[in-house]
Amino acid sequence: MAGQQAAGTPSSPPRTEAAGARGQDEYAEDSSDEEDVRNTVGNVPLQWYDDFPHVGYDLDGRRIYKPVRTRDELDQFLDKMDDPDYWRTVQDRMTGHDLRLTDEQVALVQRLQRGQFGDASFDPYEPAVDFFSGDLMIHPVTNRPADKRSFIPSLVEKEKVSRMVHAIKMGWIQPRRPRDTAPSFYDLWAQEDPNAVLGRHKMHVPAPKLALPGHAESYNPPPEYLPSEEESLAWEQQEPSERKLNFLPRKFPSLRAVPAYGRFVHERFERCLDLYLCPRQRKMRVNVDPEDLIPKLPRPRDLQPFPTCQALVYRGHSDLVRCLSVSPGGQWLASGSDDGSVRLWEVATARCMRTVPVGGLVKSVSWNPNPTICLVAVAVEDAVLLLNPALGDRLVVGSTDQLLGTFTPPAEPALQPARWLEASEEERQGGLRLRICHDKPVTQVTWHGRGDYMAVVLAAQGHTQVLIHQLSRRRSQSPFRRSHGQVQRVAFHPARPFLLVASQHSVRLYHLLRQELTKKLMPNCKWVSSMAVHPAGDHLICGSYDSKLVWFDLDLSTRPYRVLRHHKKALRAVAFHPRYPLFASGSDDGSVIVCHGMVYNDLLQNPLLVPVKVLRGHTLTRDLGVLDVAFHPTQPWVFSSGADGTVRLFS
C-alpha cells in the first residue's frame, strides 16, 4: 500500500510560500531538511473526497484533513483589500491550502498567457544551422546498396490488393455517390423580427413632414396678409392647382370665435393619398468624371492606311448609279445605272472603256471573283445577264468564251425555276454571252468565292425568293421550301459552305451541305438594307434604313456585338476590305464613313472598332445620297456610287 502510494506521488512542484497557516501546525514548514507534508493520494480523482472531512493521506498513512473554510464573502473582500499578495495567491487542490506564487512563477504564467515560450532564455529566432554543405561533393552521403526487397514485388501489398478486389466483387466497397446538385431552399425571412416592419426596406425614406403654419394661418394675421375683394374674387376663379394658398386668410377678434375648418377631413384624406401613392426613393449620386466615360480609342493616324480624300470622279451616267463592282485584279470597275446601261471603267484613269446598253434598270452588278474567268453578272428586270467585257488579258477572255462553249445540254432537260438562254450573234458582239430568265424581277446577284455558283434574290413572295445558279452545268435550284419574310440580301460565306440570308428583321445562316438552319441573328433593326461578311468569315455587318450599322460576332452571340449610329439617314450599302482591317458604309446623307475594324486571332480579345474618316463628295438628289460602296481588292481605296450619277474614288 505504501509502495503504491509512493509510486503515485506526483513530482515536487516549485517551492511556494504558505499564505495561510492559521492554526494548522501540521501544515507549518519545519526548518529542518525534511520533506514537506505531501498528499500521497496519487491520481485518485479529488471529487471522491467531497463527502469526507479529509482530502488524502500523508507518508505515515494519517489523514490530511481539509482546512476549515468559515470565511464568507465579506471576509474574502477584506482579505483582498488588506492582503497585497492576494492577487498571486492560489489554492492547492491536493491539500486545500492557499499558496503564494513566487515572482518566477508569475513571470512564467504571464509568458504563457502572451503565447510565448516558458523558458525565458529560449530564442525562437536563432539562425538555423546548415548541417549539409551546399557545395557539390564527390562522395555521396551514404553508399549503402539498395535492399533486395526493392526489386521484388511486395507480398503484403499483393494481399491488400487481392482483399480490396474481393471486397469490390462482393459489393462491400461501394463507389462514391455523386453529390446532389439540387438546390437547398430555405426561408429568407425566418429569423426576421416581425415587429421590424421596415427591416427589409434598406432604402426606406421617411415621409416629408408638413410645413409649419405661418402668418397667413393665424386667426389674427397682419393687415398685409388679408386679401382685398378683387384678390378674393381672383382666388375663387383660379383652378385649385394654380392657387398659392388653399384657403383665404381671415381675421377673428379672439381664438374662441374661430369656427371649425371645413376642409379638414378633405385635406387629411389627400395627405393620406400622398403618403400611400407617392413613391419615395433615395437617389445615390455618383461623382464620375465625364472624361472617364469616353472610351480610350487610338488616334486615327496610328491606324493608317485608309482613304482620306477624293481622288477621281467617274462621270458618264445620266441617272443615279445603283451598283458597283471591282474586278479581282483591281484594274477595272463596272457600274450599273437607271439609265439602262452598264459602264466599264479603268480604275487608274477614270476612262470609260465600254458602255453596254441593257434596256432596263440595273439593280445589281457583280464581277466574277475568279481571276481566270472574265464575266460580269448584271441584274436587269427579270433576267441576269452574263457579260464578257473583253478587258484585260486576251487569254483569259478567250478561255472564258471557250469555257462557256464547252457546255453540252442534257438529252432530257430537267424542270428548273429559271431558263438559260444563249445570246444571239448580235448580242454577242455587244458582250452578252448568257441570259438567265426568271418569273419575277431580280433585285440582287452575288457570286460564290470560287466563281462557279451565283445566288440571286427575286422580288417575289414565297420560298422561291432565293435561287442558286451553277455556271458550269447551267442548273438552277431553289434551296428553300418555305419563306421567312421578305428577303433583302444574300451572301456566301468566304470559307465554309454557308449561305447568309437577310430578311427585314433577321439574318439566317444556313448550312448548304446539311441543308439546315445553323444560326439566326437578331439585328434589332426596323428594316435591314445591306449586309457584308468579313473575309475571315467570323464577323458580319448589317446596315438598316433606321441609320444603324450592326456588327455581329458569329462565335459570340446571336445578338449584336456593337451598334454604330454614325449616319443621320438610312444606310444603303456596307462593305469589308478583303485585305486591310477596314469597313465602310454609305448613307442617304451623302457621306461614306470608313471605320477601322481589327479582328484578333485571340478569341479572348474583342474586335477594335474605330471610325477614322468621313468622306463627302456626292450631292443629294431626290433625297438619295450614296447608293453603293466597294473596296479595291489590293489598295486601301473605296469606290462609291451616288444618286447624282457619278462614281467617286477615295484614296
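Modeller: Two strands are said to pair if DSSP finds at least two bridges between them. In this predicted model, that rule applies to A334, which stands opposite L344 in β9.

Biologist: What makes β8 and β9 a pair of strands?

Modeller: The rule asks for at least two bridges. Strand β8 (residues 332-337) and strand β9 (residues 341-346) are joined by five bridges and run antiparallel. The requirement is therefore met.

Biologist: Which sheet holds these strands, and why are β7 and β10 called its edge strands?

Modeller: The sheet is open and has four strands in the order β7-β8-β9-β10, with antiparallel pairing. Both β7 (321-326) and β10 (351-357) pair on one side only, and these are the edge strands. On average, neighbouring strands of this sheet are turned by 20° against each other, direction ignored.

Biologist: Why does one side of β6 and of β32 lack a neighbour in the sheet?

Modeller: Their sheet is also open, with four strands in the order β6-β34-β33-β32 and antiparallel pairing. Because β6 (310-315) and β32 (626-631) stand at the edges with a single partner strand each, one side of each has no neighbour in the sheet.

Biologist: How do you know that β33 and β34 pair?

Modeller: Four bridges link strand β33 (residues 638-642) to strand β34 (residues 646-650) in the antiparallel sense. The cut-off is at least two bridges, so the two strands count as a pair. One of the contacts sets F639 against its bridge partner L649 in β34.

Biologist: What makes M164, I168, M170, W172 and I173 a nonpolar patch?

Modeller: A residue of a patch must have over 30% relative accessible area and no salt bridge, and nonpolar side chains are joined within 5 Å. M164, I168, M170, W172 and I173 form such a patch on the surface, with about 570 Å² of accessible area together. Of these residues, M164 has its place in helix α4 (residues 155-170).

Biologist: Why are Y453, I468, Q477, P479 and L512 counted in the lining of the second largest pocket?

Modeller: A lining residue has an atom within 4 Å of a point of the pocket. The second largest pocket has 45 lining residues, of which Y453, I468, Q477, P479 and L512 lie nearest its centre. Among the elements that give two or more residues to this lining are β18 (466-470) and β22 (507-511). The space in this pocket is about 1400 Å³.

Biologist: Where does P305 lie, and what is the peptide bond from Q304 to P305?

Modeller: P305 lies in the loop between α7 (290-293) and β6. The bond from Q304 to P305 is cis, with omega near 10°.

Conventions
Residues numbered from 1 in each chain as written. Predicted model: local features only at pLDDT ≥ 70, side-chain atom pairs only at ≥ 80, totals over all residues. Heavy atoms only, no water. Patch = residues over 30% accessible without salt bridge, like charges linked within 9 Å, V, L, I, M, F, W, Y side chains within 5 Å. Areas by Shrake-Rupley, 256 points an atom, 1.4 Å probe, with all protein chains shown as cover. Salt bridge = Lys/Arg side-chain N within 4 Å of Asp/Glu carboxyl O. 1 Å grid on protein atoms, 1.4 Å probe; cavity = no way out; pocket = protein on both sides within 12 Å on 5 of 7 lines; lining within 4 Å. Points joined across faces, edges and corners; volume = space filled by probe spheres on them. Axes fitted to C-alpha atoms, helices over the stretch in contact; angles between N-to-C directions.
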